Amino acid sequence: MKTFLKPLTPEEERHYLQEYKQGSLEAKDILIQRNLRLVAHIVKKYQGAGEDSDDLISIGTIGLIKAIQTFDFQKASRLSTYAARCIDNELLMLLRSKKKSNKEVSLYEPIGTDKEGNEISLLDVIESEPVDVVRNYSLKQDIDYLYQLLPKILSPREQEIITLRYGLYGKEELTQREIAKRLNISRSYVSRIEKTALLKLREYF
């Protein structure tokens with residue numbers, strides 16, 4: 001199994017995009033290498049379509065490169081969201097071209113199963129929207145970034161209340177009243193701390 005480099009933080013991503021726009025090929029290489037995990041993540045969607053995984057990674061990487069070349073960070077906040085669609089489009093074009101050159105392949109022929117065990121056909125893959133793939137990957141990135149930020153920008157009490165309020169780190173999600181009872185403080189105090197903490201996090205996001 002291939003090991004991919006850790007994705008860039010939003011700050012690193014913006015820095016290297018700016019460097020690339022100024023002509024740095026090194027920045028372009030870093031953007032490619034640090035987003036290959038995204039390519040592999042989207043390629044999983046097409047496993048079972050009869051294509052070699054390495055070939056799919058190569059085609060997906062072409063989509064990633066196109067995304068980096070055309071991305072405008074002044075119009076969109078995250079490269080990963082834009083790149084995921086470019087990668088998905090590149091893979092779809094490959095499958096559609098294969099379909100045209102190989103008429104005997106049935107679009108309704110099962111190529112695998114989903115998480116519930118239901119059969120998936122090539123038609124299901126081609127017609128499905130990439131939104132879920134994009135959203136899931138972006139959400140995972142945001143959660144990882146959130147966990148990095150919590151101890152850096154929040155006080156211990158703020159971090160404790162946010163963790164309990166939103167069920168972070170696998171903890172049970174509690175109401176403000178339940179938190180107040182557990183910490184022996186007023187519900188209004190919990191509410192003020194929560195609002196302050198969310199404002200701090202929103203500024204960084």
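These legends describe close-up views of a predicted model.

**View 1. The whole chain, with 10 helices and two strands.**
This predicted model covers a protein of 205 residues. Along the sequence, the elements run α-α-α-α-α-β-β-α-α-α-α-α. The two strands therefore sit between α5 and α6 in this pattern, with helices on either side. Of the residues, 38% count as buried. The exposed surface comes to about 12800 Å². Carbon and sulfur atoms supply 50% of that surface. Among contacts with a separation of 6 or more, 59% join residues 24 or more positions apart.

**View 2. Helix α1 against helix α2.**
Helix α1 spans residues 10-21, and helix α2 spans residues 25-33. Their axes come within 7 Å. They cross at roughly 140°. Angles over 145 degrees would count as roughly antiparallel, so α1 and α2 are oblique to each other. The crossing of α1 past α2 is left-handed. On the α1 side, the contact uses Glu-13, Tyr-16, Leu-17, Glu-19 and Tyr-20. On the α2 side, Ala-27, Lys-28, Ile-30 and Leu-31 take part. Six of the contact residues are nonpolar, three are charged and none is polar.

**View 3. Thr-61 in helix α4.**
Helix α4 runs over residues 53-70, and Thr-61 lies in this helix. Is Thr-61 buried or exposed? Its relative accessibility is 15%. Buried means under 20%, so Thr-61 counts as buried. Leaving aside residues up to four places away in sequence, Thr-61 touches Ile-32, Leu-36 and Val-39. One of these partners, Ile-32, falls within the residue range of α2.

**View 4. Gly-167 in the loop between α8 and α9.**
Helix α8 covers residues 156-166, and α9 covers 176-183. Gly-167 belongs to the loop between them. This glycine has a relative accessible area of 21%. The limit for buried is under 20%, so Gly-167 is partly exposed. What does Gly-167 touch, not counting residues up to four places away in sequence? The partners are Ile-162, Glu-172 and Glu-173. Of these, Ile-162 lies within the range of α8.

**View 5. Tyr-169, a loop residue with a positive phi.**
Tyr-169 is also placed in the loop between α8 and α9. Most residues other than glycine have a negative phi. Tyr-169 is not a glycine, yet its phi is positive, about 55°. Its relative accessible area is 41%, so Tyr-169 is partly exposed.

**View 6. Helix α9 against helix α10.**
Helix α10 takes in residues 187-204. The axes of α9 and α10 lie 8 Å apart. Their packing angle is about 110°. Angles of 65 to 115 degrees count as roughly perpendicular, so that term describes α9 and α10. From α9, the contact draws on Gln-176, Arg-177, Ile-179 and Ala-180. From α10, Arg-187, Val-190, Ser-191 and Glu-194 contribute. These residues divide into three nonpolar, two polar and three charged.

**View 7. Asn-184 in the loop between α9 and α10.**
Where is Asn-184 placed? This residue sits in the loop that links α9 to α10. Asn-184 has a positive phi of about 60°, although it is not a glycine. Its relative accessibility is 70%. Exposed means over 50%, so Asn-184 counts as exposed.

Note on methods. Residues are numbered from 1 along each chain as its sequence is written. This is a predicted model: local features need pLDDT of at least 70, side-chain atom pairs count only at pLDDT 80 or more; totals for chains, interfaces and linings use all residues. Side-chain values use heavy atoms; hydrogens and water are left out. Helices (H or I, at least four residues) and strands (E, at least two) are DSSP runs, numbered from the N terminus. Buried means under 20% relative accessible area, exposed over 50%, partly exposed in between (1.4 Å probe, protein chains only). Contact means heavy atoms within 4.5 Å. Accessible areas come from the Shrake-Rupley method with a 1.4 Å probe; for residues, only the protein chains shown count as cover. Axes are lines fitted to C-alpha atoms, for helices over the stretch in contact, and angles run from 0 to 180 degrees between N-to-C directions. Angles under 35 degrees count as roughly parallel, over 145 as roughly antiparallel, 65 to 115 as roughly perpendicular and the rest as oblique. A crossing is left-handed if the near helix is turned anticlockwise from the far one by less than a right angle, and right-handed if clockwise. Ala, Val, Leu, Ile, Met, Phe, Trp, Tyr, Cys and Pro count as nonpolar, Asp, Glu, Lys and Arg as charged, and the others, Gly among them, as polar.
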